[in-house]
Amino acid sequence: MTAVIQAVINGIMMGAMYGLTALGLTLIFGVMKVVNFAHGSLLMVGMFAAYWLIKLTGIHPYLSLLVVPPLLFFFGYYMQNLLIKPVFRAEQQVREPLTVIIVTTGVWYVLDNLALMLFGAEYRTVKTSITGTSFSMGDFIVSIPKLSGFVVSVATAVGLWLFMVKTRTGKALQATSLDREAANLMGIDQYRIYNLAFGIGTAIAGIAGCVIMPFYYVYPSVGVVFDIRAFIIVVLGGLGSIHGAMLGGVIIGLIESVFSQFMPSTWTEAIIYAVFLVILFVKPSGFFGKKQDW
Amino acid sequence: MSYASIGKRLLGLAAIGLLTAGLSGPAFAQKTIKIGNVEPLSGPSASVGVQGKQAREMAVEEINKNGGIKSLGGAKLELVYADSKSDPTVGVTETERLINTEKVQLMTGCWNSAVTYPATQVAERYGVPFVVPVAVRDTITERGFKYVFRIAAKDSWWVRDQFRFLKDMQDETGVKLKTMALVFENGDWGTGFAEKWRALAKKDGYELVLDEPYPSTASDLTPVVTKLKAANPDIVMLVSNAADAILITNTMAEMKVKPKVTVASGGGHADPKFLENAGKNALYLFDEVEWNTDVNKPGAKETNAAFKAKYGYDLTGESVDAYVAMYVIADALERAASTDPEKVRAALAATKLSTGPAMICSYDSIEFDESGQNKNAGIVIVQVADVNGQLDRVTVWPKNARRAGYTPVFPANK
């Protein structure tokens, strides 16, 4: 029983971070109706940015949260503005611009191979003051880097949600997500909104990179590890839904952690996909997705 | 300048490049012998793949500098690389490509047993000799193949020696260990080890309290470690690829899991990056390797120093196997005096290499048995220890190879 409760604690903490990796993806999809295949690579860029920052300056790992996400915001903002926007313009009349998906896949390959060229294939970890630290609560052990990651993840999700419902820009994002032509007619600059959505989505990948780095390692194709999960989470929670992504993340984290107490951990992957299939059959739009999203 | 004209210019450049390449190839260059090399150069096992690549590079540079293959008019060796990404399917496609398109005369690789197993099958079908430095799954040389030769000890020997080590150490220290947990990556390598562990554990009377495969690319190994904590074994047996070795060691420290003895099986644990990243968390871990920097063989120190100066880290057992494999190939080509696959195969089969730079390995001669397995491949067990404030891998078993003055910490945790 102790092991199961321990697994639940760990599953929720990891799950929130899985949710965080999916948050940027779901935001970009919600607003632009584009599946961003480069999302994992952007996470990798975030992790490398955090890695070098901590490694070279020796600052506390969570101070990197002040630097990396803003950097990645501009990275994403201009990536959308320079690479994706032209394609988008060419495909203006199409509901789901497929070519953009191909562009993001291209970005994925370019970023991964660029990292491979610059940093080599080896995996790197940072030794920080909190790496490997934990505290005990009775019989249970809580890892400090993971708990911090959990807190940051929840805070990011809440922050993003507040931004979406309370601010003018957030409402513009929502309006574009609902109907981009109508939003355009109301005087919202569609492409500026896309830049913003992409920038924020990438910044969130940067936040995820900062909180994962203290307990995981980074290498050029590390994005793939989190990417596939992020896609499942996004669909599970409902495309474009913030709380859906967080809930989806926690569910995946719990399955992974708790089920592996009763069976070989290699099986949990299969169970995640089985649950995913069942959800697709029963509720294809995910937990919080609207029936007709666009 | 318009895009079209840039395009034309580039096309022109490419054409010139092709022309010169075509001209210089057969006309001016000395004869080269192409050796195809499939390794995990990206993905989770990339760092060990790159180490194997660099060890091969150094050996080939030395061989070429010393006049190449003399019986073939000083022909140079040329390595042609392909990235398997640790994926068997990619490994097979790349082996096909190297043989058919690159026209390689020999093959070597692939580190992962799961990749080597089907890749050697491709080479066998085409009749291309395949020298496997590491990839230890037994069955790689147990299919009656004619063209497959392996330098490293096979996994049944590795497992046998892990259990001998455990028994010897218990006899030596008087400590009795009863329960055992098996934790291994779910590829060919890990499952192959686990199968043999189970049989030997039964024979030696250990009680198995956990038998846990895990995926090497897991984003979190806490669930596995939680299980390990609940099972509370005396001995933990590990098989890990590169990155997961670090993750599992660090997570065990974080979750305060302290088995009396932890025995790893090389691979990820033998990677120099492992100690760098796991640090003190790895203290007193036992690891099984074919070679260690403190091995007492002529030339070993110098070769390691040359390697370290070139690439910035120590040789490992696996990179020594890769290094040695190049000398085995050169030796066979020298005796075959031909690149005809049949003759090269015959020469490889007749290998009896006991001199030269390849002898930095821990044993005295390289000979293949009928299955293509190196008969003499040997194994040592090292312990991660703090030597003068520096983490070091110290040879502890067999007892006659133990570093002078070192007393193994056994058990590591009371």
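A residue is termed buried when its relative accessible area is under 20%, exposed when over 50% and partly exposed in between, for a 1.4 Å probe and protein chains only. By this criterion Cys361(B) is buried because its relative accessible area is 3%, and Cys110(B) is buried because its relative accessibility is 0%. A search of the whole structure for disulfides, taken as pairs of cysteine sulfur atoms within 2.5 Å, finds zero over all chains.

The model is predicted, and local features need pLDDT of at least 70, side-chain atom pairs pLDDT 80 or more, while totals for chains, interfaces and linings use all residues. Residues are numbered from 1 along each chain as its sequence is written, chains are lettered from A in the order written, and side-chain values use heavy atoms, without hydrogens and water.

Helix α5 of chain B covers residues 155–173; helices are DSSP runs (H or I, at least four residues), as strands are (E, at least two), numbered from the N terminus. Its 19 residues should span 27 Å, at 1.5 Å times one less than the number of residues, and the end C-alpha atoms are 27 Å apart, which agrees. Buried residues of α5(B) include Trp157(B), Trp158(B), Phe163(B) and Phe165(B). Gly174(B), with a positive phi near 80°, follows α5(B).

The lining of the second largest pocket comprises 12 nonpolar, 12 polar and eight charged residues, where Ala, Val, Leu, Ile, Met, Phe, Trp, Tyr, Cys and Pro count as nonpolar, Asp, Glu, Lys and Arg as charged, and the others, Gly among them, as polar. A pocket is an open set of points on a 1 Å grid over the protein atoms alone where a 1.4 Å probe fits, with protein on both sides within 12 Å along at least five of seven lines, and lining residues have an atom within 4 Å of a point.
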